[in-house]
Amino acid sequence: VSECPMLQSRVFDYEHFSWETSYFMERFVEGIRGIKIKNIAALDDEFHRLAQKADSFPKTIIHRDFQSQNIMIHKGIPRLIDYQSARMGLPAYDVASILWDPYYRLEDDMRERLLEYYINKMKSTHFPIHPKTLILCRLQRHIQALGAYGFLSAVKGKKYFLKHVPEGIRLLKEDVSRVKNDYPVLYGLVMEL
């Protein structure tokens, strides 16, 4: 952080997590799927609890859009691009973004090996990956991605993003199935998508 003092004021916090869920509801659930939620108060409560829980863990510098399309190979060396969204946040968000990326589906065994490697490397830092943060970040990331696909396709006219919707939904269903007792209203909504 001392090398990037501007990031101290750019925090991926409760407000950001809440924005992602609103984006998902407006741009994807209502905008693309045309679903109107009957029990919005209960869903809002679950989104509030999700954002509050995610915001409660320690933060470090993250890319915030760490997905396969933002890694370019130049002269055999990987380069990260599109890092203007970098901020202080949960390291598990970047892990969720790359290992459960709707743009490129990793085989489960490869994902597990990469995740185990990363978790072991992070144990020696001040920011070990806790399993609870990982599932929260997976939920948030897939909610955000589907909201983005809705916005980019419907508002910006970039319809090719719609081809990633099935994988985004598949991943979100996998995520929410792991926490269905904590977020039953969200679980019900996601299973309808």
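Run a search over this whole structure, which is a predicted model, and 8 aromatic pairs turn up. Let's walk through a couple of them.

Start with Tyr23 and Phe151, whose rings make a tilted pair: the centres are 6.2 Å apart and the planes meet at 45°. What does this pair tie together? Tyr23 belongs to helix α1, spanning residues 14-30, while Phe151 belongs to helix α5, spanning residues 131-155, so the contact joins parts that are 128 residues apart in sequence. Tyr23 has a relative accessibility of 14%, and because the cut-off for buried is under 20%, Tyr23 counts as buried.

Now slide over to Tyr149 and Phe161. Their rings are stacked, with 6.2 Å from centre to centre and 25° between the planes. Tyr149 sits in helix α5, but Phe161 is in the loop between α5 and α6 (165-177), so here the parts tied together are 12 residues apart in sequence. Are these two rings' residues buried or exposed? Tyr149 is buried, at 2% relative accessibility, and Phe161 is buried too, with a relative accessible area of 10%.

The stacked pair also has company. Tyr149 and Phe161 belong to a cluster, linked by ring pairs, that takes in Tyr103 and Tyr160 as well. If you're colouring rings in your viewer, those four residues make up one group to pick out.

One last contact brings in a charge. Which ring does the charged end of Arg64 sit over? That would be the ring of Phe12, with the charged end 6.0 Å from the ring centre.

Terms used: Residues are numbered from 1 along each chain as its sequence is written. This is a predicted model: local features need pLDDT of at least 70, side-chain atom pairs count only at pLDDT 80 or more; totals for chains, interfaces and linings use all residues. Side-chain values use heavy atoms; hydrogens and water are left out. Rings of Phe, Tyr and Trp (its six-membered ring) pair if their centres lie within 6.5 Å; planes under 30 degrees apart count as stacked, over 60 as edge-to-face and the rest as tilted. Helices (H or I, at least four residues) and strands (E, at least two) are DSSP runs, numbered from the N terminus. Buried means under 20% relative accessible area, exposed over 50%, partly exposed in between (1.4 Å probe, protein chains only). A charge sits over a ring if NZ of Lys or CZ of Arg is within 6 Å of the ring centre and within 35 degrees of the ring normal.
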